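Here is a colleague's note for your bench file. Please read it with the model open beside you.

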Amino acid sequence: GLYVNKEVNDVADLKGVIFGQQGELQGTAVLTGDKGTVLDLVYTVDSATGHGSGVGKDNKGNEYKLLF
């Protein structure tokens, strides 16, 4: 699962937020849309299943939860 050092809905500072458990991979991603939206994500992936979860925030202040 996703473990954060603050509430999952508070993603003002995404760097250093998540801590993975054994068997989980950690990652970050930056997605850029064609209309100027930039989405900064942090996530963990279960190496056994390939499923993951994370949080993100865009450059307009919107916050997101990520499940895959």
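The points below go through the sheet, its hairpins and one residue in strand S2.

1. Status of the model. This is a predicted model. Please keep that in mind for every point that follows.

2. The sheet as a whole. 4 strands make up an open sheet, in the order S1-S2-S3-S4, with antiparallel pairing. S1 (24-32) and S4 stand at the edges. Each has a single partner strand, so one side of each lacks a neighbour in the sheet. From one strand to the next, the twist averages 15°.

3. S1 with S2. These two strands run antiparallel and are joined by 9 bridges. To find the register, start at Val30: its bridge partner in S2 is Asp40.

4. S2 with S3. Here the pairing is again given as antiparallel, over 7 bridges. Thr44 is a handy marker, as it stands opposite Ser53 in S3. The hairpin of S2 and S3 has 5 residues between the strands. Within that hairpin, look at Gly50, which takes a positive phi near 80°.

5. S3 with S4. S4 covers residues 63-67. S3 and S4 run antiparallel, and 5 bridges join them. Gly54 stands opposite Leu66 in S4. The hairpin of S3 and S4 has 4 residues between the strands. Its Gly61 has a positive phi near 90°.

6. Cover on S3. How many of the residues of S3 are buried? The count is 6 of 7, over residues 52-58, so "mostly covered" is a fair description under the cut-off of under 20% relative accessible area.

7. Leu39, position. Leu39 lies in S2, the strand of residues 38-46. Is Leu39 buried or exposed? Its relative accessible area is 17%. Buried means under 20%, so Leu39 counts as buried.

8. Leu39, surroundings. What does Leu39 touch, leaving aside its neighbours within four places in sequence? Its contacts are Ala29, Val30, Leu31, Gly56, Lys57, Asp58 and Tyr64. Val30 is also the residue whose bridge partner in S2 is Asp40. Lys57 deserves a second look. In sequence, Leu39 and Lys57 are 18 residues apart. In space, their C-alpha atoms are 5.7 Å apart.

9. What to check on screen. Begin with the strand order S1-S2-S3-S4. Then locate the two glycines with positive phi, Gly50 in the hairpin of S2 and S3 and Gly61 in the hairpin of S3 and S4. Finish at Leu39, with its contacts including Ala29 and Tyr64.

Conventions. Residues are numbered from 1 along each chain as its sequence is written. This is a predicted model: local features need pLDDT of at least 70, side-chain atom pairs count only at pLDDT 80 or more; totals for chains, interfaces and linings use all residues. Side-chain values use heavy atoms; hydrogens and water are left out. Buried means under 20% relative accessible area, exposed over 50%, partly exposed in between (1.4 Å probe, protein chains only). Contact means heavy atoms within 4.5 Å. Two strands pair if DSSP finds at least two bridges between them. Axes are lines fitted to C-alpha atoms, for helices over the stretch in contact, and angles run from 0 to 180 degrees between N-to-C directions.
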